[in-house]
Amino acid sequence: MTADVQTPAPEQVIGILGGSGPQGRGLGVRFAAAGLPVVIGSRKADRAEEAAADIARVAGSSRVTGASNEECAQRSDIVLVVVPFEGHADLLTSLGEALAGKVVVDCVNPLGFDKQGPYPLKVAEGSAAEQARELLPDSTVTAAFHHLSAVLLGDLEVASIDSDVLVLGDDRSATDAVQALAETIPGVRGVYGGRLRNAAQIEALTANLIAVNRRYKCHAGVRITDLPV
């Protein structure tokens with residue numbers, strides 16, 4: 001983790017593809033509460049606008065708007081992908097041009113569920129993030145925000161979230177920017193977690209955290225020990 005990462009500039013627009021779902025809404029609430037301009041994307045613009053209005057109300061912000069996924073990608077500087085894995089490839093394939101030149105943050109966990117609980121799915125490219133990199137050759141793809149609880153994110157009465165966000169990627173300026181974005185959430189640290197080729201185990205760990213949360217009725221996250229302050 002770098003000690004001199006700066007908070008994202010207020011004019012930097014944060015887009016959230018899939019922002020009408022629980023995780024996307026939670027992240028939108030926290031970024032909007034931090035004063036950042038946020039664009040919520042969804043397949044249907046009216047659904048995105050409804051989600052954006054709710055996020056703006058909860059966060060007390062006038063800087064949240066809703067749009068179709070394509071318009072969200074076009075209007076944003078840093079774009080988070082927060083969609084179910086089954087729609088991941090099709091969505092990114094359709095948005096290649098709109099996402100060109102952007103920093104893309106893949107937050108997707110390829111998981112399956114059966115009677116024994118959650119388990120990681122095999123991805124041909126190695127991970128959802130690596131699949132995104134293959135589908136978006138003109139974007140700078142990173143991976144982050146896999147392990148934060150949607151419940152804690154969306155509840156501003158939780159003043160501080162005791163968790164780290166592991167950020168992976170091959171471009172230092174992009175991972176620094178995403179670390180800084182993570183640190184706009186009170187209590188959260190953005191921690192560099194390696195190159196994008198290491199994303200598979202980060203995505204898969206979410207299955208373990210879901211199992212922990214179900215057993216102990218909690219919202220567990222991840223903390224890395226012995227980091228320099």
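A polar contact is here a pair of N or O atoms within 3.5 Å, of which, within protein, one must be able to donate a hydrogen and the other to accept it. The structure to which this criterion is applied is a predicted model, and the side chain of K102 offers a suitable place to begin. This side chain reaches the backbone oxygen of S76 at 2.6 Å, and that of Q74 at 3.0 Å.

The setting of K102 makes these two contacts worth noting. K102 lies in the loop between α4 (88-94) and β5 (103-106). The residue is buried but takes part in no salt bridge; D77, the nearest side chain of opposite charge, is 5.4 Å away. A salt bridge requires a side-chain nitrogen of Lys or Arg within 4 Å of a carboxyl oxygen of Asp or Glu, so the pair K102 and D77 does not qualify. When neighbours within four places in sequence are left aside, K102 is in contact with A73, Q74, R75, S76 and D77, and also with S139 and T140.

A second buried charge without a salt bridge is found at E203, a residue of helix α8. For E203, the nearest side chain of opposite charge is R133, 10 Å away. Its side chain does reach the backbone nitrogen of A129, at 3.1 Å. Beyond its neighbours within four places in sequence, E203 is in contact with V108, N109, P110 and L111, with S127, A128 and A129, and with H146.

The discussion now turns to charges that are paired. The model contains 10 salt bridges under the criterion stated above. One of them joins R133 to D170, with the closest N and O atoms 2.8 Å apart. Because R133 belongs to helix α5 (residues 128-135) and D170 to the loop between β9 (163-169) and α7 (172-182), this pair ties together parts that are 37 residues apart in sequence. Both partners are partly exposed: R133 has a relative accessibility of 36%, and D170 has a relative accessible area of 38%.

D170 also forms a salt bridge with R195, the closest N and O atoms being 3.5 Å apart. Here too the pair links distant parts of the chain, since D170 is in the loop between β9 and α7 while R195 is in the loop between β10 and α8, 25 residues apart. Salt bridges with shared partners join E130, R133, D170 and R195 into one network. Within this network, R195 counts as partly exposed, at 43% relative accessibility.

Another salt bridge connects R189 with D164, whose closest N and O atoms are 2.7 Å apart. R189 is in strand β10 (residues 188-194) and D164 in strand β9, so this pair ties together parts that are 25 residues apart in sequence. The two partners fall into separate accessibility classes: R189 is partly exposed, with a relative accessible area of 24%, whereas D164, at 2% relative accessibility, counts as buried.

Burial can also be followed along a whole strand. In strand β2 (residues 38-42), 5 of the 5 residues are buried, so the strand is largely enclosed by the rest of the structure. Both faces are covered, with V38, I40 and S42 buried on one side and V39 and G41 buried on the other. Strand β1 (residues 14-17) runs parallel to β2 and is joined to it by 4 bridges. In this pairing, G15 stands opposite V39 of β2. According to UniProt, in an unreviewed entry, residues 14-110 carry the feature "domain: Pyrroline-5-carboxylate reductase catalytic N-terminal". This span is 42% helix and 23% strand, and its end C-alpha atoms lie 23 Å apart.

Backbone geometry supplies a last point of interest. Most residues other than glycine have a negative phi. F145 has a phi near 65°, a positive value in a residue other than glycine. D226 likewise has a positive phi of about 65° although it is not a glycine. Are the surroundings of these residues buried or exposed? F145, in the loop between β8 (140-143) and α6 (150-154), counts as buried at 2% relative accessibility. D226, in the segment after α8 (199-216), is exposed, with a relative accessible area of 77%.

How values were computed:
Residues numbered from 1 in each chain as written. Predicted model: local features only at pLDDT ≥ 70, side-chain atom pairs only at ≥ 80, totals over all residues. Heavy atoms only, no water. UniProt positions renumbered as here; feature names shortened; annotations may be inferred. Helix = DSSP H or I, 4+ residues; strand = E, 2+ residues; numbered from the N terminus. Buried < 20%, exposed > 50% of the residue type's maximum accessible area, 1.4 Å probe, protein only. Lys, Arg positive; Asp, Glu negative; His and termini not counted. Contact = heavy atoms within 4.5 Å. Pairing = 2+ DSSP bridges.
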